[in-house]
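User: I'm new to this structure and would like to learn how to read it. Could you walk me through it, feature by feature?

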Amino acid sequence: MVEINIFVINLNNMISKADIQKKLLHLFEKWASEKAETIHGMSPSGSERKYFRLKSKNKSCIGVFHLNEAENEAFISFSETFKNLNFNTPHILSTDLQNQIYLISDMGNQDLFSIVQKESSPLSSKTKSLYKKSLEHLFKFQTKSVKFIDFNKCTPRPKLDKQSLLWDLNYFKYYFLKLNNIPFNEQTLENDFNTFVDFLMQADQDYFVYRDFQSRNIMIKDNEPFFIDYQGGRKGPLQYDVASLLFQVRANLSSDDRQELLNHYLNMISKTPDINLQSFQKYFYPYVLIRICQVLGAYGFRGLIEKKTHFIKSIPFAILTLKWLLKELKMDIEIPELMESLNKVILIETMEDPKTKKGLTVHLNSFAYKYGIPKDYSGHGEGFVFDCRFLPNPGRLEVYRHLSGLNAEVKDYLKEQEEVNIFLQQVKELIKPAIQKYQKRNFTDLSINFGCTGGQHRSVFMAESINQFLKDNFKLNIELKHTRKNNWITS
């Protein structure tokens with residue numbers, strides 16, 4: 001047997017920050033005709049692009065470095081088109097595409113997302129007004145620019161076509177369903193993907209799709225919205241971008257706010273004779289669904305694989321949004337495997353709104369080692385993981401084989417085993433000071449996991465025992481979950 005090791009190399013990491021800054025400074029000084037006084041790296045985005053703010057005595061701009069040449073060319077091409085149409089987008093100030101850098105006008109520091117995060121539901125009238133203005137600008141992007149955009153510059157495809165949507169669904173399948181050990185029939189799910197996408201493609205596809213139209217990409221300057229990060233734009237349906245903004249999961253808009261904003265957009269459609277309002281409404285929530293699937297895939301990749309905390313913390317918000325959507329969604333197609341998989345997704349986390357959770361939450365899990373340690377969605381790592389496989393196994397005895405650690409007979413059997421009692425006491429002594437310290441330091445999350453061979457007897461018993469110990473000794477939130485062979489055991 002030959003072992004093959006695959007290494008993924010991030011080329012961005014091979015180019016030093018100092019080298020990028022040096023090239024940007026040269027480009028800036030050439031454009032500004034004066035020496036730069038400062039250059040500061042800006043907060044990273046979800047992509048591999050790197051942003052810097054450069055300032056001289058009289059001028060300021062944003063420097064961008066990105067290795068993806070096609071995306072650079074698309075952004076620059078679209079920006080020139082939008083400038084000619086007087087849209088609120090950055091102007092291209094100078095380019096050096098040989099070195100994958102360019103300069104754009106500075107849109108300021110405040111985005112719409114940061115404003116929303118400071119508010120409680122419902123939105124203030126001022127913030128709601130910013131959303132409505134953004135939707136009005138979006139409608140212009142979608143309908144006015146489509147005649148002037150060079151769609152040959154779009155990447156990776158000129159349209160949000162069937163292939164593009166299937167990529168999104170497979171992203172969801174491989175980076176969320178599989179990473180979370182959610183079982184499905186591969187062929188049946190693929191059949192459902194095709195049925196679902198064929199349905200979506202019946203919507204009118206002759207508009208400009210911004211592709212990532214969400215509040216992080218809407219800068220607010222002088223109480224007006226300005227728009228960035230549209231390099232993924234292409235031709236496609238109206239519904240996709242509206243879904244992206246109103247159902248951005250971390251913005252966590254209330255259903256009432258979403259409906260009011262959607263009605264504002266629908267009112268614009270109703271005044272446009274060549275757009276069918278009923279057709280838009282028919283396909284709107286199905287496009288919300290595929291957008292959420294794409295987002296979950298992105299969160300799985302960026303969070304569970306790349307371990308980026310922001311994306312890990314976003315997963316519960318996405319699941320809450322999905323739970324709401326599944327109650328509202330109506331489609332005249334049969335996609336049973338996909339719907340069953342989605343209904344399993346909403347069982348991953350408790351449905352408490354992450355914004356309202358206070359105090360320390362202990363995520364208490366039992367699991368089978370052959371299916372992996374449960375994923376941590378708090379962004380704080382896996383916490384305690386206790387291996388119970390050395391303990392006496394009730395599953396080896398016929399009388400207990402078809403029972404679990406939730407049954408009294410199994411509990412009684414394990415309580416009679418001295419090594420089980422010793423181990424249980426040791427676990428209590430280990431976790432008690434950690435919980436006390438976490439509460440004192442106002443930590444929000446701690447995972448405690450118990451694994452055994454099948455995830456049925458010993459790990460379940462231990463998780464249940466610690467659950468009772470925590471209830472008796474601490475004031476905290478407890479999220480208890482038992483998994484076995486990718487199925488959930490009801491506690």
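Analyst: We'll start with the whole chain and then move to single helices, rings and residues. Keep in mind throughout that this is a predicted model.

User: Fine. How many helices and strands are there in the protein chain?

Analyst: The protein chain has 14 helices and 14 strands.

User: And how do I judge its overall size? What radius of gyration would a compact globule have here?

Analyst: You compare the chain with what its length would suggest. For 491 residues, a compact globule would come out near 23 Å, and the protein chain has 26 Å, which agrees. Along the principal axes, the C-alpha trace spans about 80 × 60 × 55 Å.

User: What share of the residues is buried?

Analyst: A residue counts as buried when its relative accessible area is under 20%. By that reading, 52% of the 491 residues are buried. On the outside, the protein chain exposes about 23,700 Å², with carbon and sulfur atoms supplying 48% of it.

User: What about contacts between parts that are far apart in sequence?

Analyst: Take the contacts with a separation of 6 or more: residues 24 or more positions apart account for 75% of them.

User: Let's zoom in on a helix. What span should helix H2 have?

Analyst: You count residues and apply 1.5 Å a residue. Helix H2 runs over residues 69-84, so its 16 residues should span 22 Å; the end C-alpha atoms are 23 Å apart, which agrees.

User: What happens at the two ends of H2?

Analyst: At its start, a side-chain oxygen of Asn68 comes to within 3.2 Å of the backbone nitrogen of Ala70. Just after H2 there is Asn86, with a positive phi of about 60°.

User: Which residues of H2 are buried, and which elements do they pack against?

Analyst: The buried ones include Phe75, Ile76, Phe78 and Phe82, along with Asn72 and Thr81. The buried residues of H2 pack against the strands E4 (92-96), E5 (101-104) and E6 (207-209), and against helix H4 (125-144).

User: How do I read the aromatic rings?

Analyst: Look for rings whose centres lie within 6.5 Å of each other. The structure holds 37 such aromatic pairs. One of them joins Phe82 and Phe208: the pair is edge-to-face, at 5.8 Å centre to centre and 75° between the planes. It links distant parts of the chain, since Phe82 sits in helix H2 and Phe208 in strand E6, 126 residues apart.

User: Are those two residues buried or exposed?

Analyst: Phe82 is buried, with a relative accessible area of 0%. Phe208 also counts as buried, at 0% relative accessibility. Both belong to a cluster linked by ring pairs, and among its other members are Phe75, Phe78, Tyr102, Phe141 and Tyr230.

User: Now a charged-looking name: where is Asp106?

Analyst: Asp106 lies in the loop between E5 and helix H3 (112-117). A loop position doesn't settle burial, so check the accessibility: at 16%, Asp106 counts as buried. Its side chain makes a polar contact with the side chain of Ser60, at 3.1 Å. Beyond its neighbours within four places in sequence, Asp106 is in contact with Arg53, Ser60, Cys61, Ile62 and Lys221.

User: And which residues does Cys293 touch?

Analyst: Cys293 is in helix H9 (residues 277-305) and counts as buried, at 1% relative accessibility. Setting aside neighbours within four places in sequence, Cys293 is in contact with Leu169, Phe172 and Leu342. Tyr102, by contrast, is 33 Å away, C-alpha to C-alpha, and 191 residues apart in sequence.

User: Last topic: what is worth noticing in the backbone?

Analyst: Most residues other than glycine have a negative phi, and most peptide bonds are trans. Asn86 has a positive phi although it is not a glycine. Asn86 is in the loop between H2 and E4, and it is exposed, with a relative accessible area of 65%. Asp222 also has a positive phi, near 55°. Asp222 is in the loop between strand E7 (218-221) and strand E8 (224-227), and it is exposed at 71%.

User: Which peptide bond is cis?

Analyst: The bond from Thr155 to Pro156 is cis, with omega near 5°. Pro156 is in the loop between H4 and helix H5 (162-177).

Technical notes. Residues are numbered from 1 along each chain as its sequence is written. This is a predicted model: local features need pLDDT of at least 70, side-chain atom pairs count only at pLDDT 80 or more; totals for chains, interfaces and linings use all residues. Side-chain values use heavy atoms; hydrogens and water are left out. Helices (H or I, at least four residues) and strands (E, at least two) are DSSP runs, numbered from the N terminus. The expected span of a helix is 1.5 Å times one less than its number of residues. Buried means under 20% relative accessible area, exposed over 50%, partly exposed in between (1.4 Å probe, protein chains only). Contact means heavy atoms within 4.5 Å. A polar contact is a pair of N or O atoms within 3.5 Å; within protein, one must be able to donate a hydrogen and the other to accept it, and residues adjacent in sequence count only if both atoms are side-chain atoms. The radius of gyration is taken over C-alpha atoms; the globule rule is 2.2 Å times the number of residues to the power 0.38. Accessible areas come from the Shrake-Rupley method with a 1.4 Å probe; for residues, only the protein chains shown count as cover. Rings of Phe, Tyr and Trp (its six-membered ring) pair if their centres lie within 6.5 Å; planes under 30 degrees apart count as stacked, over 60 as edge-to-face and the rest as tilted.
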